[in-house]
Amino acid sequence: MNKQKEKLYAARFQEVLNYIEHNLDKPLNVDQLCAIAHFSKFHFHRQFADYVGINVARYVLLLRLKQASFKVAFQDSVTIIDVALNAGFETPESFTRAFKNTFGQSPSAFRKNPDWDSWHKVFDFRLPERNNQVKVDIINVEMTRIAVKEHIGPVEKLNNAVSQFIEWRKETGLSPKNTSRTFGIAYDNPDTTEPMQFRFDIGGEVKSDIPENSYGIVTKTIPGGRCAVVRHLGSHARLGESIYPIYRDWLPKSGEELRDFPLYFHYLNLLPDIAEADLITDIYLPLK
């Protein structure tokens with residue numbers, strides 16, 4: 001298969017994957033998916049498994065359970081029954097069975113003490129990378145004071161820090177989710193950093209320094225200055241598809257030099273309020 005045909009084949013499959021991601025709350029069948037990219041239904045199952053690494057039914061189930069697991073872990077005001085029904089399961093029992101078979105914990109146990117290590121292993125299949133064409137804008141930003149929960153260690157455990165930050169945010173009201181911006185500061189690249197050395201801050205905008213607290217939340221600042229900004233649409237797990245083109249393609253040709261501050265993210269919307277496919281994240285690269 002020549003390069004042009006490979007690109008066309010990948011583009012057709014990407015249409016299928018995009019459709020699945022944006023329609024998890026609707027019935028999905030093979031006839032629909034084949035029609036989207038003009039694949040033969042007699043070969044589609046084998047093609048999909050070869051391209052993605054798992055069969056299409058398993059892929060859809062995992063994405064639905066992934067979306068449901070965020071609601072279970074981070075949205076304790078929503079009942080397990082409502083999560084089950086919203087995920088497309090006919091009964092809470094069938095949801096609980098699928099959830100436990102997949103993650104090794106019942107939904108109620110996961111809500112109390114999520115095993116994020118096991119959770120991450122379930123999604124340890126790498127989808128073919130999308131060829132993102134990034135649009136880079138250069139803007140000036142003002143200094144921003146933020147309250148952060150620092151994470152040091154494997155990226156698989158980052159959600160533990162996220163949970164603690166969410167609880168602090170709810171309890172104190174010092175950085176209201178609906179009126180304060182939410183940020184992530186990426187000190188290291190998880191693809192090239194030793195797991196125990198990986199550092200990341202999850203934080204929210206605050207008006208003043210915060211008092212000492214049992215959650216270990218501390219005050220930091222994002223400095224003002226020039227930044228290159230790229231908007232990423234979709235899963236946070238795919239942020240690299242928008243980050244690498246900035247470093248690989250845009251930066252060498254731009255004539256710009258980087259400032260001594262890490263790349264950071266501004267999350268314009270958040271899980272589990274929004275479907276993973278509909279996430280919007282602005283990526284900031286500080287410039288001199």
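In this predicted model, the largest nonpolar core holds 67 residues, and those that touch the most other members are Ile 20, Phe 44, Phe 48, Tyr 59 and Phe 265. Helix α4, which spans residues 56-74, gives the most to this core, with 11 residues. Apart from the largest core lies another one, made of 11 residues, among them Val 141, Ile 185, Phe 261 and Tyr 284.

Phe 48 offers a view into the largest core. Setting aside residues up to four places away in sequence, Phe 48 touches Phe 13, Val 16, Leu 17 and Ile 20, and also Gly 53, Ile 54, Asn 55, Val 56 and Tyr 59. Two of these partners, Ile 20 and Tyr 59, are named with Phe 48 itself among the residues that touch the most other core members.

Helix α4 can be followed further through Leu 63, which is found in that helix. Is Leu 63 buried or exposed? Its relative accessibility is 12%, and Leu 63 therefore counts as buried, since the limit for a buried residue is under 20%. Beyond its neighbours within four places in sequence, Leu 63 is in contact with Ile 20, Glu 21 and Leu 24. Ile 20 thus appears among the contacts of Leu 63 as well as among those of Phe 48. Leu 63 can also be placed relative to Phe 123: the two residues are 60 apart in sequence, and their C-alpha atoms are 9.1 Å apart in space.

From these local views one may turn to the chain as a whole. Its secondary structure comes to 10 helices and eight strands. How does the extent of the chain agree with that of a compact globule? For 288 residues, such a globule would have a radius of gyration near 19 Å, and the chain has 20 Å, so the two agree. Along the principal axes, the C-alpha atoms fill a box of roughly 60 × 50 × 35 Å.

Of the 288 residues, 43% count as buried. The accessible surface comes to about 15,900 Å², and carbon and sulfur atoms account for 51% of that area. The chain carries 36 positive and 36 negative charges, and the mean positions of the two sets are 4 Å apart. Contacts also link distant parts of the sequence: among those between residues at least 6 apart, 70% join residues at least 24 apart.

The loop between β7 (263-267) and β8 (280-286) deserves a closer look, beginning with Leu 268, which is placed there. With a relative accessibility of 39%, Leu 268 counts as partly exposed, because this class lies between the limits of 20% and 50%. Leaving aside neighbours within four places in sequence, Leu 268 is in contact with Arg 231, Ile 280, Thr 281 and Asp 282. Ile 280 stands 12 residues from Leu 268 along the chain, and the C-alpha atoms of the two are separated by 5.5 Å.

Leu 271 also has its place in the loop between β7 and β8. Its relative accessible area is 23%, and for this reason Leu 271 is partly exposed. Apart from residues up to four places away in sequence, Leu 271 touches Phe 70, Glu 276 and Leu 279. Between the C-alpha atoms of Leu 271 and Ser 235 there are 9.8 Å, with 36 residues separating the pair along the chain. The peptide bond from Leu 271 to Pro 272 is cis, with omega near -5°, and Pro 272 lies in this loop as well.

Another backbone feature concerns His 38, in the loop between α2 (30-37) and α3 (44-52). Its phi is near 60°, a positive value in a residue other than glycine. Most residues other than glycine have a negative phi, and most peptide bonds are trans. The relative accessibility of His 38 is 66%, and the residue therefore counts as exposed.

A final stop is Asp 188, found in the loop between β3 (182-186) and β4 (199-205). Is Asp 188 buried or exposed? Asp 188 counts as buried because its relative accessibility is 18%. Neighbours within four places in sequence aside, Asp 188 is in contact with Thr 193, Gln 197, Phe 198 and Arg 199. Asp 188 and Leu 270 are 82 residues apart in sequence, and 22 Å lie between their C-alpha atoms.

How values were computed:
Residues numbered from 1 in each chain as written. Predicted model: local features only at pLDDT ≥ 70, side-chain atom pairs only at ≥ 80, totals over all residues. Heavy atoms only, no water. Helix = DSSP H or I, 4+ residues; strand = E, 2+ residues; numbered from the N terminus. Rg over C-alpha atoms; globule rule 2.2 N^0.38 Å. Buried < 20%, exposed > 50% of the residue type's maximum accessible area, 1.4 Å probe, protein only. Contact = heavy atoms within 4.5 Å. Areas by Shrake-Rupley, 256 points an atom, 1.4 Å probe, with all protein chains shown as cover. Lys, Arg positive; Asp, Glu negative; His and termini not counted. Charge placed at Lys NZ, Arg CZ, Asp CG, Glu CD. Core = buried A, V, L, I, M, F, W, Y, C linked by side-chain atoms within 4.5 Å.
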